[in-house]
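Biologist: Could you take a close look at one part of this chain for me? I'd like the local geometry first, then how that part fits with the rest.

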Amino acid sequence: MSGSRIHSVWRSYRSIPIVYRLGAAFVLGSIVGLAVGQPATALEPLGDLFVDLLSMIVIPIVVFTLVMGMRRLSPGRLGRVGGQVVLVYLVTSGIAVLFGLLVANLLQPGARLSLSGVEQPDVEEPPALADVVLGIVPDNPIAAMAAGEVLPTIFFTIAFGLALALVQESARNENVRNGVQTIFDIVEAGAEAMFKIVWGVMEYGVVGVFALMAVAFGEAGLGAVRTFGLLVATLLVAVLLHVAVVQLGGIVVLLLGQSPTAFLTGIREALVTALGTASSAGTLPVSMANADDNLHVDEGIYGFSLPLGATINMDGTALYQGVAAVFAANLAGVSLSFGEQLVVVLVAVFASIGTAGVPSAGLIMLTLVLEQLGLPLTIVAFVAGVDPLLDRLRTLTNVSGDLAVTTLVANWNDAVDFDRGSWVGEAPTTSGAPAED
């Protein structure tokens, strides 16, 4: 085959979105494992390499993306409206993780599947709740980073990023302000470099997922099929509960006193786009158009809250961490204590501030959660194959949450007109067009 032909084939392959290639690798690896059986375990080193690559990027991703997240949340923008938006976003994300944990503890996905590729960690006495909370603050942040301790790293990075933003805004010395700007520029360059590395890791992930699934299904047989079906069903139930109870029942009905049908009608274009693109950022133009034309929220509110929501409000992604953490623990043959489940909530909420802009954000957040809990990162590869479906459910939940919170904050600040648009049955407009993902 000529060089030009190889290049053409490679370009055609790369033109397929990575999530679909991971899905294909999941299916093909599963088929090979079921067909070949035990000999498929020879592929295990290829899967182990993918797990090692994921482990390598955890701490750098946390540091670079969170500092950039704090830069976006500069104190000048965190006034009354900004404070309300951020607070409600964090609260709803926390509730989302709790819903995920609740449903996963009831349905127990992965409980009846044992995979030798998932090593059972050493079982230790669960730490007391006070120790869990105090453990968030690192004695030595550099040592915490070197040891791969995710939650202390997140805490210090958020504090450091906010301190930089405060110094940049309040410092009278121009050299100091310029120095802070230089740090932000370096961090931004580092974040962009990490994005490239993440994409490289996910490119190899096609091979890694194929290998790990071949090994998993070669050892577990058809029992694994039912397990992954239950994982998808668990996330779907958790998503429906969160949207119905928190976003529609809690925010739209109780706090706004409006019809959930009217709200859903007003945002239906954004929901369809979210399902189609699996990208909160790609859906943003449609979300903003729906907020303006159909929900009649003031631009001064949605112009700030929706872009910020695409950055830090990850209800669906946070919810997924609760489900996936229980799934991972079940595969590893351990039970998560109350303190460990609280850790899942904290990591998912705080990590959502920075990882939203990262390719395959849900998988990267899951890596952070598993790393903190001491669970094997192999589970990331196991769920990567069904992630295209899971990602669409997560994105829909993220987008509907962004618009619900935006409307709530607008109502608190007399910046929404409930006498117009979808609230009174006017036909939704189609002024927004989805951006390319």
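Which residue follows α4, and what is the sign of its phi?

Modeller: Keep in mind that this is a predicted model. The residue that follows α4 is Gln-108, and its phi is positive, near 55°. Gln-108 is not a glycine, and as background, most residues other than glycine have a negative phi. Gln-108 has its place in the loop between α4 and α5 (129–134). With a relative accessible area of 24%, Gln-108 is partly exposed, because that value falls between the 20% and 50% cut-offs.

Now the helix itself. α4 covers residues 80–107, which makes 28 residues. From its first C-alpha to its last, α4 reaches 41 Å, close to the 40 Å expected at 1.5 Å a residue.

A handy residue to follow inside α4 is Phe-99. Its relative accessible area is 14%, so Phe-99 counts as buried, the limit being under 20%. What does Phe-99 touch, once its neighbours within four places in sequence are left aside? The list is Ala-238, Leu-241, His-242, Val-245, Val-246 and Leu-319. Take His-242 from that list: Phe-99 and His-242 are 143 residues apart in sequence, yet their C-alpha atoms are 6.6 Å apart in space. Such long reaches along the sequence fit the chain-wide count: among contacts between residues at least 6 apart, 83% join residues at least 24 apart.

Zooming out, the chain has 18 helices and 0 strands. Buried residues make up 54% of its 437 residues. The chain exposes about 18,300 Å², with carbon and sulfur atoms supplying 62% of that area.

On the packing side, a general point helps: in soluble globular proteins, nonpolar side chains tend to be buried together. Here the largest nonpolar core has 116 residues, and Val-209, Phe-263, Leu-375 and Leu-403 have the most contacts inside it. Helix α14 (residues 315–332) gives this core its largest share, 12 residues. Apart from that core lies another one of 8 residues, including Met-68, Val-180, Phe-184 and Ala-191.

Phe-263 turns up again among the aromatics, where Phe-263, Phe-418 and Trp-423 form one cluster. The whole structure holds 3 aromatic pairs. In one of them, Phe-156 and Phe-160 have ring centres 6.0 Å apart and planes at 15°, so the pair is stacked. Both of these residues lie in helix α7 (residues 150–170), 4 residues apart, which is about one turn of the helix. Phe-156 is partly exposed at 31% relative accessible area, and Phe-160 is partly exposed too, at 38%.

Charges over rings come up as well. The charged end of Arg-21 sits over the ring of Tyr-13, 4.6 Å from its centre. Likewise, the charged end of Arg-394 sits over the ring of Tyr-320, 4.4 Å from its centre.

Back to the backbone where we began: Asp-414 also has a positive phi, near 50°, in a residue other than glycine. Asp-414 is found in the segment after α18 (387–412). Its relative accessible area is 75%, so Asp-414 counts as exposed, whereas Gln-108 is partly exposed.

Conventions. Residues are numbered from 1 along each chain as its sequence is written. This is a predicted model: local features need pLDDT of at least 70, side-chain atom pairs count only at pLDDT 80 or more; totals for chains, interfaces and linings use all residues. Side-chain values use heavy atoms; hydrogens and water are left out. Helices (H or I, at least four residues) and strands (E, at least two) are DSSP runs, numbered from the N terminus. Buried means under 20% relative accessible area, exposed over 50%, partly exposed in between (1.4 Å probe, protein chains only). Contact means heavy atoms within 4.5 Å. Rings of Phe, Tyr and Trp (its six-membered ring) pair if their centres lie within 6.5 Å; planes under 30 degrees apart count as stacked, over 60 as edge-to-face and the rest as tilted. A charge sits over a ring if NZ of Lys or CZ of Arg is within 6 Å of the ring centre and within 35 degrees of the ring normal. A nonpolar core is a set of buried Ala, Val, Leu, Ile, Met, Phe, Trp, Tyr and Cys residues joined through side-chain atoms within 4.5 Å. The expected span of a helix is 1.5 Å times one less than its number of residues. Accessible areas come from the Shrake-Rupley method with a 1.4 Å probe; for residues, only the protein chains shown count as cover.
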